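Trainee: Could you walk me through this one before I start on my own notes?
Mentor: Gladly, let us look at it together.
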Amino acid sequence: MNRWLSGSIVGAALVSLVVAGCAPAQPTEDEEPVEEPIFDEIEEEEEHDHQADQGVLGLVGTAVMHTGEGEEMGEVIFTQTEEGVLVEGLLESLEPGPKGFHVHEHGQCDPPDFESAGGHFNPEGHPHGGPDDPPGERHAGDFGNIEFDDDGAAEFSFVDDMITLGDGTNDVAGKALIVHYQEDDEETQPTGDAGPRAACGIIEIIRSDVE
Ligand code: CU
Ligand code: ZN
């Protein structure tokens with residue numbers, strides 16, 4: 001940054017000299033090549049930093065969920081929006097009730113127990129919590145629970161602004177998505193006591209609406 005600042009000062013000094021020397025207040029053609037490249041480079045750098053924290057807008061990923069017996073349970077769609085990542089899904093064939101739902105750290109779903117997916121996705125080293133906890137007090141992968149109804153189906157849609165898609169520290173692309181057999185209490189460390197893993201799917205990028 002110092003480099004650019006001093007560049008601007010030198011540029012401004014040069015412009016003053018040119019303006020003072022030529023007397024008229026109109027800008028001369030000489031000043032343009034001095035100033036424009038400096039401002040262009042500063043703008044590009046800021047834009048890149050911003051995107052790294054936000055994920056790639058419009059990027060879409062999907063996780064096709066399978067049980068430990070290899071049955072397909074449904075699909076979960078991830079879309080990077082300006083507010084966060086929109087997570088939408090329809091899953092079937094579990095007992096009614098709330099079931100723990102998390103992104104796990106490894107993109108590996110080896111049946112039947114899916115232990116290969118590792119622990120909760122937690123690149124920033126926070127304790128286990130729930131989606132309503134502040135970002136510093138939960139794993140990035142902590143979605144809390146999804147509710148299965150009397151027909152054994154769970155339909156859900158929520159936005160999570162801690163994770164990102166396609167860029168950033170908490171990018172979930174390529175990670176495993178897990179549904180557990182039991183409820184996540186959002187307190188017990190480090191798993192929420194949600195029991196064994198009922199289904200697993202890897203979050204894969206399928207489409208980008210980015211030009
Ligand atoms: Cu989990
Ligand atoms: Zn967790």
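Mentor: We will go from the overall fold to the metal site, then to the strands, the rings and the charged pairs, keeping in mind that this is a predicted model.

Trainee: How many helices and strands are there?
Mentor: The secondary structure of the protein comes to 2 helices and 9 strands, and along the sequence these follow the pattern α-α-β-β-β-β-β-β-β-β-β.

Trainee: What share of the residues is buried?
Mentor: Of the 211 residues in the protein, 38% are buried. The surface that the protein exposes comes to about 11800 Å², with 49% of it supplied by carbon and sulfur atoms.

Trainee: And what about the long-range contacts?
Mentor: If you take the contacts in the protein with a separation of 6 or more, residues 24 or more positions apart account for 62% of them.

Trainee: Now the metal. Which residues coordinate the copper ion?
Mentor: The copper ion (ligand 1) is coordinated by three histidines, namely His102 through ND1, His104 through NE2 and His180 through NE2, at 1.9 to 2.0 Å.

Trainee: How are those donor residues spaced in sequence?
Mentor: The spacing of the donor residues reads H-x1-H-x75-H.

Trainee: Are His102 and His104 buried or exposed?
Mentor: Both His102 and His104 are buried.

Trainee: What does His180 stand opposite?
Mentor: His180 stands opposite Arg197 in S8, and the strands concerned, S7 (residues 176-180) and S8, pair in the antiparallel sense over 5 bridges.

Trainee: Does S8 have another partner, and if so which strand is it?
Mentor: Strand S1 (residues 59-67) is also joined to S8, by 2 bridges, and these two run antiparallel. His66 has Cys200 in S8 as its bridge partner.

Trainee: Why do you call S8 enclosed?
Mentor: In strand S8 (residues 197-202), 5 of the 6 residues are buried, so the strand is largely enclosed by the rest of the structure.

Trainee: Back to Arg197, then. Which side chain does it meet in a salt bridge?
Mentor: The side chain of Arg197 meets that of Glu115 in a salt bridge, at 3.9 Å from N to O. This pair links distant parts of the chain, with Arg197 in strand S8 and Glu115 in the loop between S4 and S5, 82 residues apart.

Trainee: Why does Arg197 count as buried, and what about Glu115?
Mentor: Arg197 has a relative accessible area of 13%, and because buried means under 20%, Arg197 falls in that class. Glu115, at 49% relative accessibility, counts as partly exposed, since exposed would require a value over 50%.

Trainee: How many salt bridges are there in the whole structure?
Mentor: A search of the whole structure finds 2 salt bridges. Besides the one at Arg197, the side chains of Arg138 and Asp160 meet in a salt bridge at 2.8 Å, N to O. Here too the pair links distant parts of the chain, for Arg138 is in the loop between S4 and S5 while Asp160 is in strand S6, 22 residues apart. Arg138 and Asp160 are both buried.

Trainee: Changing topic, what about the aromatics?
Mentor: The structure holds 4 aromatic pairs. One of them is formed by Phe101 and Phe143, a tilted pair with 5.6 Å centre to centre and 45 degrees between the planes. It links distant parts of the chain, with Phe101 in strand S4 (residues 97-104) and Phe143 in strand S5 (residues 142-148), 42 residues apart. Both Phe101 and Phe143 are buried.

Trainee: What other ring does Phe101 pair with?
Mentor: Phe101 and Phe156 form an edge-to-face pair, 5.2 Å centre to centre with 65 degrees between the planes. Since Phe101 lies in strand S4 and Phe156 in strand S6 (residues 153-160), the pair ties together parts that are 55 residues apart in sequence. Phe156 is buried, as is Phe101.

Trainee: Which residues make up the cluster?
Mentor: Ring pairs link Phe101, Phe143, Phe156 and Phe158 into a cluster.

Trainee: One last residue: where is Gln80, and is it buried or exposed?
Mentor: Gln80 is found in strand S2 (residues 72-80), and at 4% relative accessibility it counts as buried. Leaving aside neighbours within four places in sequence, Gln80 is in contact with several residues, among them Gln54, Gly55, Val56, Val85, Thr164 and Leu165.

Methods: Residues numbered from 1 in each chain as written. Chains lettered and ligands numbered in written order. Predicted model: local features only at pLDDT ≥ 70, side-chain atom pairs only at ≥ 80, totals over all residues. Heavy atoms only, no water. Donors = N, O, S within 2.8 Å, 3.2 Å for Na, K, Ca; no water. Buried < 20%, exposed > 50% of the residue type's maximum accessible area, 1.4 Å probe, protein only. Phe/Tyr/Trp six-rings, centres within 6.5 Å; stacked < 30°, edge-to-face > 60°. Helix = DSSP H or I, 4+ residues; strand = E, 2+ residues; numbered from the N terminus. Pairing = 2+ DSSP bridges. Salt bridge = Lys/Arg side-chain N within 4 Å of Asp/Glu carboxyl O. Contact = heavy atoms within 4.5 Å. Areas by Shrake-Rupley, 256 points an atom, 1.4 Å probe, with all protein chains shown as cover.
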